[in-house]
Amino acid sequence: MIRYERRPAIDIDELNRLFAAAWGVPKPGYERVFRHSFTWIGAWDRSDLVGFVNVAWDGDVHLFLVDTTVHPDHQRRGIGRRLVEEAIDACRGQGEWLHVDADEELMGGLYERCRFQRTPAGVLDLTQVDD
């Protein structure tokens, strides 16, 4: 049985192991992210962190769903959807909207099932240097 918690204490090393397993690389310095988060949700299988999602915000009414992650050994079991639903519930009544950026596969396979609507958006890659 998977246990879900809002704003739990999360060991940074354990979170980075989850990121590395799911995305191929850890996310160093995530302690800074927590200081600017509205909330986050963790999912545990016994004592193992197997899922995570963070909700960033602007300190007012705009909320952003980021870093939705499920360990590859636990995917396709509804954990990602439950993480997103828990995040949505935590945000209700706290802002004007909750935003998520995702590729086509994730948008259609996860986020639309959680009632997100596709919208036009722009993005600028700040890691690219202009010529």
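The following exercises, each with a worked solution, concern a predicted model.

**Exercise 1. Determine which residues touch the most other members of the largest nonpolar core, and which elements supply this core.**

Solution. The largest nonpolar core has 23 residues. Within it, Val55, Leu65, Leu83, Val84, Leu98, Tyr111 and Phe116 touch the most other members. Two or more residues of this core are given by each of β2, β3 (48-57), β4 (62-70), α3 (79-91), β5 (97-100) and α4. The largest share, six residues, is that of α3. Apart from this core lies another one of 11 residues, including Ile10, Ile12, Leu15 and Leu18.

Next, take the surroundings of Leu83. Leaving aside residues up to four places away in sequence, Leu83 touches Tyr4, Ile41, Gly42, Ala43, Gly51, Phe52, Val53, Thr69 and Val70.

**Exercise 2. Establish which residues of α4 are buried and where they lie around the axis.**

Solution. The buried residues of α4 are listed first: Met107, Leu110 and Tyr111. Their arc around the axis is only 105°, so they lie on the same side of α4. Among the elements that cover these buried residues are β4, α3 and β5. The face turned away from the buried side of α4 carries Glu104 and Glu105, which are exposed.

**Exercise 3. Classify Leu106 as buried, partly exposed or exposed, and name the surface patch that it helps to make.**

Solution. Leu106 is located in helix α4, which comprises residues 104-111. The relative accessible area of Leu106 is 35%. Buried requires under 20% and exposed over 50%; Leu106 is therefore partly exposed. Together with Trp23 and Val25, Leu106 makes a nonpolar surface patch of about 300 Å².

**Exercise 4. Describe the setting of Thr39 and decide whether it is buried or exposed.**

Solution. Thr39 belongs to strand β2 (residues 37-45). Its relative accessibility is 4%, and the limit for a buried residue is under 20%; Thr39 therefore counts as buried. With residues up to four places away in sequence left out, Thr39 touches Arg7, Asn54, Val55 and Ala90.

**Exercise 5. For Arg7 and Arg76, state the phi value, the location and the accessibility class.**

Solution. Arg7 has a positive phi, near 50°, and is a residue other than glycine. Arg7 lies in the loop between β1 (2-6) and α1 (12-23), and its relative accessibility of 44% makes it partly exposed.

Arg76, also not a glycine, has a positive phi of about 65°. The loop between β4 and α3 contains Arg76. With 81% relative accessibility, Arg76 counts as exposed.

Terms used:
Residues are numbered from 1 along each chain as its sequence is written. This is a predicted model: local features need pLDDT of at least 70, side-chain atom pairs count only at pLDDT 80 or more; totals for chains, interfaces and linings use all residues. Side-chain values use heavy atoms; hydrogens and water are left out. Patches are made of residues with over 30% relative accessible area and no salt bridge: like charges are joined within 9 Å, nonpolar side chains (Val, Leu, Ile, Met, Phe, Trp, Tyr) within 5 Å. Accessible areas come from the Shrake-Rupley method with a 1.4 Å probe; for residues, only the protein chains shown count as cover. A salt bridge is a side-chain nitrogen of Lys or Arg within 4 Å of a carboxyl oxygen of Asp or Glu. Helices (H or I, at least four residues) and strands (E, at least two) are DSSP runs, numbered from the N terminus. Buried means under 20% relative accessible area, exposed over 50%, partly exposed in between (1.4 Å probe, protein chains only). Contact means heavy atoms within 4.5 Å. A nonpolar core is a set of buried Ala, Val, Leu, Ile, Met, Phe, Trp, Tyr and Cys residues joined through side-chain atoms within 4.5 Å. The arc is that of the directions from the helix axis to the C-beta atoms.
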